[in-house]
Amino acid sequence: MVIAEILDVPPVDYQRFKTWADALLAVSNLPLGAPPPPGFNEALAAERAYFNSRYQELRRNPGTGLISALIQAEEKDALSFEELAGFFNLLLLAGTETTSNLIGNGLYALVRHPKQLELLCRNPALLPSAIEEMLRWDCPVQATGRHCNKECELGGAHLRPHMAVAVLNGAANRDPAQFPDPERFDITREPNPHVAFGEGIHFCLGAALARLEGTLAIGAVLKRFATVRLADPGFVPTYKPSFNVRGLTHLPLRIDG
Ligand code: HEM
């Protein structure tokens with residue numbers, strides 16, 4: 001809903017928007033080079049047709065969101081229609097699943113560490129630092145990709161130009177050279193130089209929004225309910241079958257108060 005509103009998508013279309021995001025993200029569940037999953041091409045075509053009609057509408061009748069602002073920039077030759085359509089698609093995908101998984105993985109980390117949960121409930125000012133630890137300890141994007149542009153040696157591997165390289169930021173977030181006792185979930189960890197949002201020129205554009213959404217959602221759960229715990233102490237998690245996106249398929253919690 002948040003990213004939809006930012007993109008000038010009206011509430012009546014939120015559900016369709018989410019359905020496309022789910023169908024398009026299913027591609028990340030497949031091995032590289034595999035044909036698109038069922039429903040992928042249809043979702044892409046529907047999303048593209050939707051963007052085309054919203055684009056026409058917002059040109060005539062600008063809204064208050066990002067797409068309206070970018071259309072006005074386009075009129076000053078800043079962005080082409082194709083670039084705008086691609087940006088809409090990127091934000092639809094990057095802005096939905098990732099933040100949902102921060103909230104799910106983060107709550108799951110808390111209920112598995114009752115002492116940390118209790119510490120946080122007693123000291124709500126620790127929430128921003130707890131969110132950073134959730135991002136480090138069980139990050140929603142575990143890997144990203146790069147193309148090598150020059151011959152080099154990296155971690156004992158010989159890389160040649162144009163090679164595709166998978167960068168495992170999830171592993172970097174548990175690097176003992178950076179994080180003392182890296183397997184420990186510690187909401188007071190300081191410093192916490194995790195790379196859950198990547199690094200360099202492609203650093204996540206939505207990092208501030210994701211941090212805000214995570215803080216508000218998890219903060220609201222802890223404020224609203226006196227106790228939050230696993231509905232079943234023997235809960236065995238299942239994860240969405242993806243190479244790079246890490247998120248639970250479900251998280252049954254017992255909430256009281
Ligand atoms: C907890 C939530 C999120 C996580 C863990 C996350 C993670 C990442 C990571 C690791 C990258 C770098 C990819 C790379 O270097 O190849 C990235 C890029 C990006 N993210 Fe996020 N993201 C999150 C939420 C969001 C949200 C809410 C938005 C949209 C508002 C967003 C928009 C983007 C965009 C547009 C890029 C590409 C930036 C570029 O290539 O210049 N992300 N994100």
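# Report on a predicted protein–ligand model

Ala94 has a relative accessible area of 40%, so it is partly exposed. The model is a predicted one, and Ala94 belongs to helix α5. Its C-alpha atom is 9.3 Å from that of Ile3, although the two residues are 91 positions apart in sequence. Ala94 is also among the residues closest to the ligand, together with Thr144, Arg146, His202 and Cys204.

**The chain as a whole**

The protein chain has 10 helices and 6 strands. Its radius of gyration is 20 Å, close to the 18 Å that the globule rule gives for 257 residues, so the chain is as compact as a globular protein of that length. Along the principal axes, the C-alpha atoms fill a box of roughly 55 × 55 × 35 Å. Buried residues make up 37% of the 257 in the chain. If contacts between residues at least 6 apart in sequence are taken, 65% of them join residues at least 24 apart.

**The ligand and its iron**

How many residues surround the ligand? The shell has 24 residues, which divide into 15 nonpolar, 8 polar and 1 charged. The iron atom of the ligand has Cys204 as its only protein donor, through SG at 2.3 Å. Cys204 sits in the loop between α9 (169-172) and α10.

Oxygen atoms of the ligand are also paired with polar atoms in side chains of the protein. The table gives the distances.

| Side chain | Ligand atom | Distance |
|---|---|---|
| Thr144 (N or O atom) | oxygen | 2.3 Å |
| His202 (polar atom) | oxygen | 2.6 Å |
| Arg146 (N or O atom) | oxygen | 2.7 Å |

Which elements give two or more residues to the shell around the ligand? They are the helices α5 (81-94), α6 (97-112) and α10 (207-224), and the strand β1 (144-147).

**Helix α8 and its cover**

Helix α8 runs over residues 127-137 and is mostly covered, with 9 of its 11 residues buried. The buried residues are Leu127, Ala130, Ile131, Glu132, Glu133, Met134, Leu135, Arg136 and Trp137. The list includes residues with charged side chains, among them Glu132, Glu133 and Arg136. What covers the buried residues of α8 includes α6, α7 (114-122) and α10. Helices α6 and α10 also appear among the elements that give two or more residues to the ligand shell.

One residue in contact with α8 is His194, which is found in the loop between α9 and α10. Is His194 buried or exposed? The relative accessibility of His194 is 11%, and a residue counts as buried under 20%, so His194 is buried. The side chain of His194 makes a polar contact of 2.7 Å with the side chain of Glu132. A polar atom of the His194 side chain also lies 3.1 Å from the backbone nitrogen of Ala196. Beyond its neighbours within four places in sequence, His194 is in contact with Glu132, Leu135, Arg136, Asn173, Phe179 and Arg211. Of these partners, Glu132, Leu135 and Arg136 are among the buried residues of α8.

**Backbone details**

Most residues other than glycine have a negative phi, and most peptide bonds are trans. A few places in the model depart from this pattern.

Asp8 has a positive phi of about 65° although it is not a glycine. The residue is in the loop between α1 (2-6) and α2 (14-25). With a relative accessibility of 9%, Asp8 counts as buried.

Asp181 likewise has a positive phi, near 50°, and is not a glycine. Asp181 is found in the loop between α9 and α10. Its relative accessible area is 44%, so Asp181 is partly exposed, whereas Asp8 is buried.

Where is the cis peptide bond that has omega of about 0°? This bond joins Glu190 and Pro191. Pro191 is found in the loop between α9 and α10, as are Asp181, His194 and the iron donor Cys204.

Technical notes: Residues numbered from 1 in each chain as written. Predicted model: local features only at pLDDT ≥ 70, side-chain atom pairs only at ≥ 80, totals over all residues. Heavy atoms only, no water. Near = heavy atom within 4 Å. Polar contact = N/O pair within 3.5 Å; in protein donor to acceptor, adjacent residues only side chain to side chain. Helix = DSSP H or I, 4+ residues; strand = E, 2+ residues; numbered from the N terminus. Donors = N, O, S within 2.8 Å, 3.2 Å for Na, K, Ca; no water. Rg over C-alpha atoms; globule rule 2.2 N^0.38 Å. Buried < 20%, exposed > 50% of the residue type's maximum accessible area, 1.4 Å probe, protein only. Contact = heavy atoms within 4.5 Å.
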